[in-house]
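Please go through the model shown here with an eye to its packing and its backbone geometry. A short report follows it.

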Amino acid sequence: MWARLRGGYPLRILLPLRGEWMGRRGLPRNLAPGPPRRRYGKETLQALEMPVLPVTATEIRQYLRGHGIPFQDGHSCLRTPSPFAESSQLKDQTGVTTSFSLFIDKTTGRFLCMTSLAEGSWEDFQASVEGRGDGAKEGLLLSKAPEFEDSEEVRRIWNRAVPLWELPDQEEVQLADTMFGLTKVTDDTLKRFSVRYLRPARSLVFPWFSPGGSGLRGLKLLEAKCQGDGVSYEETTIPRPSAYHNLFGLPLITRRDAEVVLTSRELDSLALNQSTGLPTLTLPRGTTCLPPSLLPYLEQFRRIVFWLGDDLRSWEAAKLFARKLNPKRCFLVRPGDQQPRPLEALNRGFNLSRILRTALPAWHKSIVSFRQLREEVLGELSNVEQVAGLRWSRFPDLNRILKGHRKGELTVFTGPTGSGKTTFISEYALDLCSQGVNTLWGSFEISNVRLARVMLTQFAEGRLEDQLDKYDHWADRFEDLPLYFMTFHGQQSIRTVIDTMQHAVYIYDICHVVIDNLQFMMGHEQLSTDRIAAQDYIVGVFRKFATDNNCHVTLVIHPRKEDDDKELQTASIFGSAKASQEADNVLILQDRKLVTGPGKRYLQVSKNRFDGDVGVFPLEFNKNSLTFSIPPKNKARLKKIKDDTGSVAKKPSSGKKGATPQNSEICSGQVPTPKQPDTSKRSK
């Protein structure tokens, strides 16, 4: 049957739809790829009608055996003969037959043919095997040399760029070497990797060649800018980052290579290859994401070393990526003063080969001794701020109490009905997403369109209804955020939601999941008629997911019915005490406007497992920008005045009585009762 399949169906190449590069600051206007394009919607995860995890590795093997298709079991993929490759394509440059050239991902079922560059979903593969004509429905039929809309711009920029060593001005060469740290990188290394320099943009240009060197598919421009006493770098990719899947250095890999070093920057790959002679590859999106579509290119290696950077975030990303590639063959270089990133290590005269020999295995048994944990403990003690997590830029008071946003934790968030829980948590998550935290939103109460509208308004920090001419600008910027939405609405099964989250973590390397809210998953659970028991089970599932996947889960839970004149407490969370016990952080949005008038909101941190600090801080809602972090512009300024007893009171600048007092010292854990100052003893 397999022979009949290969001889009976035409060659079809399936490639997913790709986005457009939007351009960034720093690129000369004459090199910009044209006006922004808006025909690219944010990719959403599949709905219930299309199962998120349609196949398992066991089902794939059973299907292949049932159709008489031979296969080889690999680290993360199964290898089979490709029905998309012609007989002339089944030999590489050395003449070796490569019949098992189609790779099937064990987790998702997606396939990639290394010879014809055909790729598609598991359903596409089944349609091709069974002779159904809808195998290309979800993709684009392309020729052997795929073209995209930016190909002309790529060729024009590439032709204008020149090798760095061919610049006529030696002072310009020395300046570029100094700015990019290339003083010890030789011209032969730059030539081997085909690195060029674009003089108008003062940027290094790294090419993206098709496998086999058949053509130029894209570029990455790296611009260096002086910033104070240091240098900052800005990257620009063509096509845009979501479609840029270049493993820089791949054309230099041979079939005999069994070991590779993965880096997060192209300059590090240059330094490593020059110093050690080992094959090196650069991940296209650094420490942000490892697209599963790149896994087939890493199947041939028996040993993979991650050397992604010199901070804790790089270390966490390396451990996450190793899980995709089979941890048993992965090794990690631990960040430290004596083990900086490769380019810096080369410039400081370190022995890079010796550092690689100290790489630690990513996999270990269930029981470990302190000797194996010793270096990790030292790393946490040496990087206190990084261990505390990513700090919010919009909520400095939250940083002071929680210290930061950390992976692998469970945060429970509650507040009265109508107090603005969804509005606050959307800004809370948007703050982190804007700093590069891959975020998955599960909104079961409101539609994704309405949620996206709220988040876009918060992102633009103003109402776009009155300035529609700026919509394209903010929408293009918002689209580039690593933000994804689940398409569920209303009651859903917890198993379906967890499967979707697992899929998102594998495909998009999600680091933060927001579930709004838990009550919408309780109606589908048939474990017990007791709603409390059902909720405890769901909370336990989310707790296990956060720990197993090293992913932060923010869970919104409605409180039980309380009197309007009473503040919510940790015990006010609906259900038993399991939610607060399992949670690492408990946040309560207190709303006192029903008792004390409008504007009386504050956020209370009632549990902080990281270091135990708890407290409260006030929130002011800005209706124009739908934010809690930007105070209203027209609000009267409040100032402190002291009476004869030394107590502090506050007075609005307009002189009106009854204004809301500002609680500047409100972080002690209790909100002080407003005091009425003695108006007869006020200073002017």
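The report moves from the overall make-up to cores, aromatic rings, cysteines, strands and unusual backbone angles.

**Overall make-up**

This is a predicted model. The chain has 684 residues, and 50% of them are buried. Its secondary structure comprises 20 helices and 26 strands. Among contacts with a separation of 6 or more, 66% are between residues 24 or more positions apart.

**Nonpolar cores**

Nonpolar side chains tend to be buried together in soluble globular proteins. In this chain, the largest nonpolar core has 69 residues. Phe306, Met501, Ile515 and Phe542 touch the most other members. Helix α17, residues 494-508, supplies nine residues, the largest share of this core. A further core lies apart from it and has 37 residues, including Phe413, Trp441, Val514 and Leu603.

Which residues surround isoleucine 515, leaving aside neighbours within four places in sequence? Its contacts are Gly442, Phe444, Met486, Val497, Met501, Met521, Phe542, Thr554, Leu555 and Val556. Two of these names, Met501 and Phe542, also appear with Ile515 in the list of core members that touch the most others.

**Aromatic rings and charges**

The whole structure contains 19 aromatic pairs. One of them joins phenylalanine 621 and phenylalanine 628, with ring centres 5.2 Å apart. Their planes meet at 50°, so the pair is tilted. Phenylalanine 628 is buried at 5% relative accessible area, while phenylalanine 621 is partly exposed at 30%. Both rings belong to one aromatic cluster, together with Trp392, Phe395, Phe413, Phe424 and Tyr428.

Two arginines sit over tryptophan rings. The charged end of arginine 196 is 3.9 Å from the ring centre of tryptophan 158. Arginine 334 lies over the face of tryptophan 315, with 4.2 Å to the ring centre.

**Cysteines**

How many disulfides does the structure hold? It holds zero. For cysteine 289, the nearest cysteine sulfur belongs to cysteine 511 and is 9.1 Å away. A disulfide needs the two sulfur atoms within 2.5 Å, so this distance rules out a bond between them. Cysteine 289 is buried, at 3% relative accessibility. Cysteine 433 is buried too, at 2%.

**Strands and a covered helix**

Strands β10 (residues 216-227) and β11 (residues 230-238) run antiparallel and are joined by nine bridges. Leucine 222 has glutamate 235 of β11 as its bridge partner. The two strands form a hairpin with two residues between them. In the turn, glycine 228 has a positive phi of about 70°.

Arginine 303 is in strand β14, residues 303-306. Is this residue buried or partly exposed? At 25% relative accessibility, arginine 303 counts as partly exposed. Glutamate 259 is 44 residues away from arginine 303 in sequence, yet their C-alpha atoms are 4.8 Å apart. Beyond residues up to four places away in sequence, arginine 303 touches Ala258, Glu259, Val260, Arg329, Phe331, Leu356 and Ala359.

Helix α7, residues 266-276, is mostly covered, with eight of its eleven residues buried. The buried ones include the charged residues Glu266 and Asp268, alongside Leu267, Leu270 and Leu272. Just after the helix, glycine 277 takes a positive phi of about 80°.

**Unusual backbone angles**

The table gathers two cis peptide bonds and two positive phi values in residues other than glycine.

| Site | Angle | Location |
|---|---|---|
| Isoleucine 238–proline 239, cis | omega about 0° | proline 239: loop between β11 and β12 (259-263) |
| Aspartate 516–asparagine 517, cis | omega about 5° | asparagine 517: loop between β20 (512-516) and α18 (531-549) |
| Leucine 117 | phi about 65° | loop between β5 (111-113) and β6 (119-120) |
| Aspartate 509 | phi near 55° | loop between α17 and β20 |

Are the two positive-phi residues in the table buried or exposed? Leucine 117 is buried, at 9% relative accessibility. Aspartate 509 is also buried, at 0%. The cut-off for buried is under 20%, so both values qualify.

Methods
Residues numbered from 1 in each chain as written. Heavy atoms only, no water. Buried < 20%, exposed > 50% of the residue type's maximum accessible area, 1.4 Å probe, protein only. Phe/Tyr/Trp six-rings, centres within 6.5 Å; stacked < 30°, edge-to-face > 60°. Lys NZ or Arg CZ within 6 Å of the ring centre and 35° of its normal. Pairing = 2+ DSSP bridges. Helix = DSSP H or I, 4+ residues; strand = E, 2+ residues; numbered from the N terminus. Core = buried A, V, L, I, M, F, W, Y, C linked by side-chain atoms within 4.5 Å. Contact = heavy atoms within 4.5 Å.
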